[in-house]
Number of protein chains: 2
Amino acid sequence: MNAAYTELKRRLAEINDLQKARGVLSWDQQTMMPPRGAAVRAEQLATLDGIAHERFTSDEIGRLLDQLEGLEASQPYDSDEASLIRVTRRDWEKARRVPTDLRAELTRQASLALPVWIEARQKSDFDLFLPALRTNVELRHRYIDCFEPADNPYDVLLDDFERGMKTEEVAVVFERIKAEQGQLIADLRDRAADVAPPDGPFPIEKQREFELSVIERFGFNREAWRIDPTVHPFASGGGINDIRITSRYVENSLEGLFATMHETGHGLYEHQVAPELERTPLARGTSLGLHESQSRLWENLVGRSLPFWRFFFPRLQETFADSLGGMELDEFYPRVNTVRPSLIRVEADEATYNMHIILRFELEQEILAGNVALEELPEVWRARMEQYLGIEVPDDRRGVLQDVHWAGGHIGYFPTYALGNVISAQIWERILLDIPDLYGQFEEGEFGQLRAWLGEHLHRHGRKFTPKETIERVCGGPLDPEPYLRYLRDKLGGIHGLATAKA
Amino acid sequence: MNAAYTELKRRLAEINDLQKARGVLSWDQQTMMPPRGAAVRAEQLATLDGIAHERFTSDEIGRLLDQLEGLEASQPYDSDEASLIRVTRRDWEKARRVPTDLRAELTRQASLALPVWIEARQKSDFDLFLPALRTNVELRHRYIDCFEPADNPYDVLLDDFERGMKTEEVAVVFERIKAEQGQLIADLRDRAADVAPPDGPFPIEKQREFELSVIERFGFNREAWRIDPTVHPFASGGGINDIRITSRYVENSLEGLFATMHETGHGLYEHQVAPELERTPLARGTSLGLHESQSRLWENLVGRSLPFWRFFFPRLQETFADSLGGMELDEFYPRVNTVRPSLIRVEADEATYNMHIILRFELEQEILAGNVALEELPEVWRARMEQYLGIEVPDDRRGVLQDVHWAGGHIGYFPTYALGNVISAQIWERILLDIPDLYGQFEEGEFGQLRAWLGEHLHRHGRKFTPKETIERVCGGPLDPEPYLRYLRDKLGGIHGLATAKA
């Protein structure tokens, strides 16, 4: 093999080691670390970041990429070699554009803003957070200025999370969603208002046993995975065979089970990347949107489906006989498919979730364009929540201050959540064509063929293809909101007795 | 502050971050990591090692050290500044002498030898291990050749674990120990033979609760520590306020409790290093011998003392009423202070432990000098065990293959275990002069003054002083086996009814 390629791979493997080491340390920080370890851990993470960045943006990587133009051209587009060179070049050119001091400042400000945001949210005091937010926004402008002018400055930020996706493309899809989901919410407002999620009690130890019995059928196994409790569920890990998911549990809700299925979806994407890609920059999901399509697929299209519950509800009843012993599946199933506009994004049901995202997506663009003053955000937020979801925001804690993203400087991140929903349904329609018996398999507690399909069509490619290429390859067409809108209207309309739903 | 000093500190802090990150990843590997994560974790650890080594041995560190000669000379010997420069220079000069390819080969061979040793031990087949051992010994010779010729080639290896200590100094101490402990073992052979450790059953969950109640009084607290089960107990962590100990539990023994007290001793040494030394190369115990003095002190001089058990035995009885309800302290106390020559070092009692060490110390020197052929090791081992402990070795699994150290290339490491015992008793005599009421405090379950004494006289200095300097400072004299020999003879002789023991 080409010596330059071998050398590039060696260097990238070391950088990947640093990033994965960082991943495990960050997981440890949120699950295992004694609280007083926080200060020195922050330094360790910053050091690993800094060294990985310094090594990646080195001139030597650029020289190797130049030398490898011939190899890239000689290999098929989807080969490991061409993909590694192509993706690395794009990452390298992007990383080189950001001066080291700006990058350090972005990281530093995000760290500084975090505790400020925590306090501001606790006190529901937006003015406390305002200066930190202002600094973060200014820094994002400086970041945007590092790149060629785009049609929309928001494109630059979105590109960090969804390579090659344009604001305008997302906006078109979101406009359609906003209209249709807005209508669905209105149609179901009265019919579904009284259907509430099951409220237990569900003793937490039993929840954990039950969820294990579910995700083991999805593909979780103790040889290559672990699951632990945390405040905020997430998926992380040290490699393809070291997948770590977390979840959170409350006794009066099954939300932990759904969070666990969600994180298992993320974990499967990382776990099923082709082993040959391990220790390369291709060894992870291609974008946040695609990643979220996997988590939402397992959480909602699988985990809130009737066939899934035909298999698992009797088992759930057995586990929680006191709370569910007398309930019929007919009553339970609507209660895990509620439609109830609510204040908090992370608690939103399928019908209302995207509206939370669209609100933020629009606000972020207006902030960047200077069309909304930062000090007016709480007020604008309240007005939009009234407009999009018909609910009143009682305080900023449950309003504009609810999410951590802006404290971390993550502007451009939110849309990937809704893109995940959209893509999950596009993929789902493809799967149903390939596996006509899919729901029959769920009723038998069998998910192996679904997992294998996702591995074969999506997961094994890791980061070889851009999100748009991936959607084309997996779904046979471009980003399209219609499958998701059909899915929502059919399922939720059917459950809550809407005449227009498919029988 | 001097700009060169600031720059040196910054660079050392980054290197320290890499080493501590490695520490947490290694802890994770042994406690948390899913088994199939092992292969890629090994790469991550090697990468962190390699980068830390590359950065530390850089010319720039050497230039900074040169520039700082004036600062070092202008500051008191025990100042943070002079100590940091002095210790770093010594580490740097040593690290620079070993070529990168030899260092990589040492690491690689150690990794390769480990699974071979595991299999060889399992099969009790020394011939299987022999080639790997031969390679490790040859590599150690190459390593020794990197340094100025020493009086004894073993000095070079010992120096890695016990800075500045000479083989001859250790040999003199060990000769005395060998004679005296050999005599003690002979004197007690018949008297103590029937006194066996308590054998429970001790349900493991209750063991863990009980040991927590003990080590919380020693200084363990959940804000800055954690404890987890592992196959082989160890102490590790991510920083001064992120201390991680592990222990192992079997139902028919209290060995887990003693292992936990042992590791707590290691943890306290790291936890009580002065906070100003965090993220510097001074922020850890000064040597393995001094470290072991702390673990053995808490395990044995505290944890196997009568005053300790006067406080804890009633609580232990309450916890394990079924096994210990009818036992008197008079019967229990000898049973945690047994004298029974045995095959396995890590299970040895206080009277016999050092003999295991001396056997290895002598063998290692003979191996290096070529006075014993590697293929004869099993036979020589058997003969020495008969000679030193009067017991027959039934197979190599429980003989020459029992310890992992030689597989890892760690020749020169073993003596530090016995040095720890020796030093622990030297320190103890000093403490008893300063805290005459020490045992009275133990009887009240109070260990805070002992912990504070160790923090003040030893722990806070971290790695500022060499082992020999440290012993002089803490004990007021050089390494001396007599306190340990007095302690053993007084305690064990007293317990097992030897007339020569102090009343």
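This is the transcript of a short presentation on selected structural features of a two-chain predicted model.

Good morning, colleagues. What I shall describe comes from a predicted model, and every value I quote has been computed from it. I shall begin where the two chains meet, continue with helix packing inside chain A, and close with some details of the backbone.

Let us start with helix α1, which spans residues 3-31 in chain A and residues 3-31 in chain B. At what angle do the axes of these two helices cross? They come within 10 Å of each other and cross at roughly 65°. With that angle, α1(A) is roughly perpendicular to α1(B). The crossing of α1(A) past α1(B) is left-handed. From chain A, the residues that make the contact are Leu18(A), Ala21(A), Val24(A), Leu25(A), Trp27(A) and Asp28(A). From chain B, they are Leu18(B), Ala21(B), Val24(B), Leu25(B), Trp27(B) and Asp28(B). Sorted by class, this contact of α1(A) with α1(B) holds 10 nonpolar residues, two charged residues and no polar ones.

I ask you to keep Asp28(A) in view, as it leads to the next residue. Which side chain of chain B makes a polar contact with the side chain of Asp28(A)? It is that of Arg244(B), at 2.7 Å. Arg244(B) sits in strand β3 of chain B, which covers residues 242-247. Is Arg244(B) buried or exposed? Its relative accessibility is 0%, and because anything under 20% is classed as buried, Arg244(B) is buried. Apart from neighbours within four places in sequence, Arg244(B) touches residues of chain A, namely Asp28(A), Met32(A), Met33(A), Pro34(A) and Arg41(A). Its contacts in chain B are Val24(B), Trp27(B), Arg226(B), Phe234(B), Ala235(B), Ser236(B) and Gly237(B).

I now turn to packing within chain A. Helix α1(A) also packs against helix α2(A), residues 38-56, with the axes 9 Å apart and an angle of about 160°. The two helices are therefore roughly antiparallel. Here too, the crossing of α1(A) past α2(A) is left-handed. On the α1(A) side, the residues involved include Leu18(A), Ala21(A), Leu25(A) and Asp28(A). These four also belong to the contact of α1(A) with α1(B). On the α2(A) side, we find among others Arg41(A), Leu45(A), Leu48(A) and Phe56(A). Arg41(A) is also one of the contacts of Arg244(B). The contact between α1(A) and α2(A) comprises 10 nonpolar, three polar and six charged residues.

A further helix pair in chain A is α9, residues 167-192, with α22, residues 482-495. Their axes come within 10 Å and cross at roughly 5°. That angle makes α9(A) roughly parallel to α22(A). The contact draws on Arg176(A), Ile177(A), Glu180(A) and Leu184(A), among others, in α9(A). From α22(A) it includes Tyr484(A), Leu485(A), Leu488(A) and Arg489(A). By class, there are seven nonpolar, two polar and five charged residues in this contact of α9(A) with α22(A).

One single residue of chain A also deserves mention. Thr470(A) lies in helix α21(A), residues 467-475, and with 6% relative accessibility it counts as buried. Beyond its neighbours within four places in sequence, Thr470(A) is in contact with Thr286(A), Leu290(A), Leu458(A), Phe465(A) and Cys475(A).

Finally, the backbone. Most residues other than glycine have a negative phi, and most peptide bonds are trans. What is the configuration of the bond from Gly200(A) to Pro201(A)? It is cis, with omega near 5°. Pro201(A) is in the loop between α9 and α10 of chain A. In chain B, the bond from Gly200(B) to Pro201(B) is likewise cis, with omega near 5°, and Pro201(B) lies in the loop between α9 and α10 of that chain.

As for phi, Ser124(A) has a positive value of about 55°. Ser124(A) belongs to the loop between α6 and α7 of chain A, and at 23% relative accessibility it is partly exposed. Ser124(B) also has a positive phi, near 55°, in the loop between α6 and α7 of chain B. Ser124(B) is partly exposed at 23% relative accessibility.

Thank you for your attention.

Conventions:
Residues numbered from 1 in each chain as written. Predicted model: local features only at pLDDT ≥ 70, side-chain atom pairs only at ≥ 80, totals over all residues. Heavy atoms only, no water. Axes fitted to C-alpha atoms, helices over the stretch in contact; angles between N-to-C directions. Parallel < 35°, antiparallel > 145°, perpendicular 65-115°, else oblique. Left-handed = near helix turned anticlockwise from the far one by under 90°. Contact = heavy atoms within 4.5 Å. Nonpolar A, V, L, I, M, F, W, Y, C, P; charged D, E, K, R; others polar. Buried < 20%, exposed > 50% of the residue type's maximum accessible area, 1.4 Å probe, protein only. Polar contact = N/O pair within 3.5 Å; in protein donor to acceptor, adjacent residues only side chain to side chain.
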